[in-house]
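Biologist: Could you take me closely through one part of this fold, and say how it is held to its surroundings? I would rather have one connected account than a list.

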Amino acid sequence: MNTLEITAEPADPYVGNVLRGRYRLDALLGSGAMGTVFTAWDAQLDRTVAIKVLRKAQEESAWKRFIQEAQSAAMINHTNVVALTDFGLIEGHPYLVMEFLDGETLTEAIASGPIPPLRVCRIGAQIAKGLQAVHDKGIVHRDLKPDNIFLLEREGKRDVVKIVDFGLAKLMEPEGAGDGLTSTGTILGTPAYMAPEQC
């Protein structure tokens, strides 16, 4: 069995390796603040998936937030929220396996020119429905922005919304509860899309 040994800086040399004897990493999609995302082939389910691997597993708070992302996303089953199919640790490195999204981000759609009002309403309504499903599970996304909204074409329907990246999600807890991962005074998010009072 080939096992992918993931270093602190996953890169192209890892493409082609097999994770856990099941997921063949096919291409590097990109990197973010917390993780690196690959396209992969799931040999067990015979389909393409996306795999997100933690960039700096040595930082305890980072990998705990990463696992929290997996646990949070796994609680949600909604058309407008990315589906999580597997997660865990491999040689101390956390990973998430998600449905592969072949589409564009809302950021890309906005950059291509003005969006007609009716299309804005359709997209906005789906975002609201997805967030309602998230909130019904007691979860706050905390980094909602155009980069984290994917627009897909499904069964002939255009602009099917998928909310992604729960890396900053936090389970809504009673005051005083929790594990201190996102304690009072800690600000997480993207400043351009945060509420003015947070900034």
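Modeller: V134 is buried, since its relative accessible area is 0%, and in this predicted model the residue belongs to helix α3. From V134 to N80 the C-alpha atoms are 9.9 Å apart, although 54 residues separate the two in sequence. The surroundings of that helix are the part I would look at.

The place to begin is the sheet, an open one of three strands in the order β7-β9-β10, with antiparallel pairing. Because β7 (103–105) and β10 (157–163) each have a single partner strand, they form the edges, and one side of each is left without a neighbour in the sheet. From one strand to the next, the twist averages 30 degrees. Helix α3, which spans residues 117–136, packs on this sheet and touches β7, β9 and β10, its direction making about 35 degrees with that of β10.

Taking the two pairings in turn, β7 is joined to β9 (residues 149–154) by three bridges in the antiparallel sense, and within this pairing E104 is placed opposite L151 of β9. On the other side, β9 and β10 also run antiparallel and share five bridges, with L152 facing V160 of β10 across the pairing. These two strands form a hairpin with two residues between them, where E155 adopts a positive phi near 50 degrees. Although β10 is an edge strand, five of its seven residues are buried, so the strand can be described as mostly covered.

What else ties the helix to the strands? Charged side chains do, and R119 takes part in two such contacts. One is a salt bridge with E104, at 3.7 Å from N to O, and it connects helix α3 to strand β7 across 15 residues of sequence. The two partners differ in exposure: R119 is buried at a relative accessible area of 9%, whereas E104, at 28%, counts as partly exposed. The other is a salt bridge between R119 and D159, at 2.5 Å from N to O. Since R119 lies in helix α3 and D159 in strand β10, this pair ties together parts that are 40 residues apart in sequence. D159 has a relative accessible area of 4%, and because the limit for a buried residue is under 20%, D159 is counted as buried.

Strand β10 is also connected in another direction. The side chains of K162 and E99 form a salt bridge of 3.1 Å, N to O, which links strand β10 to strand β6 over a separation of 63 residues. K162 is buried at 6% relative accessibility, and E99 is buried as well, with a relative accessible area of 18%. R154 joins K162 and E99 in a network of salt bridges, and the structure holds nine salt bridges in total.

Alongside these charged contacts, there is a nonpolar side to the picture. In soluble globular proteins, nonpolar side chains tend to be buried together. Here the largest nonpolar core has eleven residues, among them F150, L152, V160 and V164, together with others such as A70, L84 and M98. At least two residues of this core come from each of α1 (60–74), β6 (93–99) and β9. A second core, separate from this one, has ten residues, including L25, A40, V49 and V53. L152 and V160 therefore appear twice in this account, as residues that stand opposite each other in the hairpin strands and as members of the largest core.

To set the region in its wider context, the protein has three helices and eleven strands, which follow one another along the sequence as β-β-β-β-α-β-β-β-α-α-β-β-β-β. Of its 199 residues, 44% count as buried, and its accessible surface comes to about 10800 Å², with 52% of that area belonging to carbon and sulfur atoms. Among contacts between residues at least 6 apart in sequence, 52% join residues at least 24 apart; the pairing of R119 with D159, at 40 residues, and that of K162 with E99, at 63 residues, are links of that kind within the region described here.

Methods: Residues numbered from 1 in each chain as written. Predicted model: local features only at pLDDT ≥ 70, side-chain atom pairs only at ≥ 80, totals over all residues. Heavy atoms only, no water. Pairing = 2+ DSSP bridges. Helix = DSSP H or I, 4+ residues; strand = E, 2+ residues; numbered from the N terminus. Axes fitted to C-alpha atoms, helices over the stretch in contact; angles between N-to-C directions. Contact = heavy atoms within 4.5 Å. Buried < 20%, exposed > 50% of the residue type's maximum accessible area, 1.4 Å probe, protein only. Areas by Shrake-Rupley, 256 points an atom, 1.4 Å probe, with all protein chains shown as cover. Core = buried A, V, L, I, M, F, W, Y, C linked by side-chain atoms within 4.5 Å. Salt bridge = Lys/Arg side-chain N within 4 Å of Asp/Glu carboxyl O.
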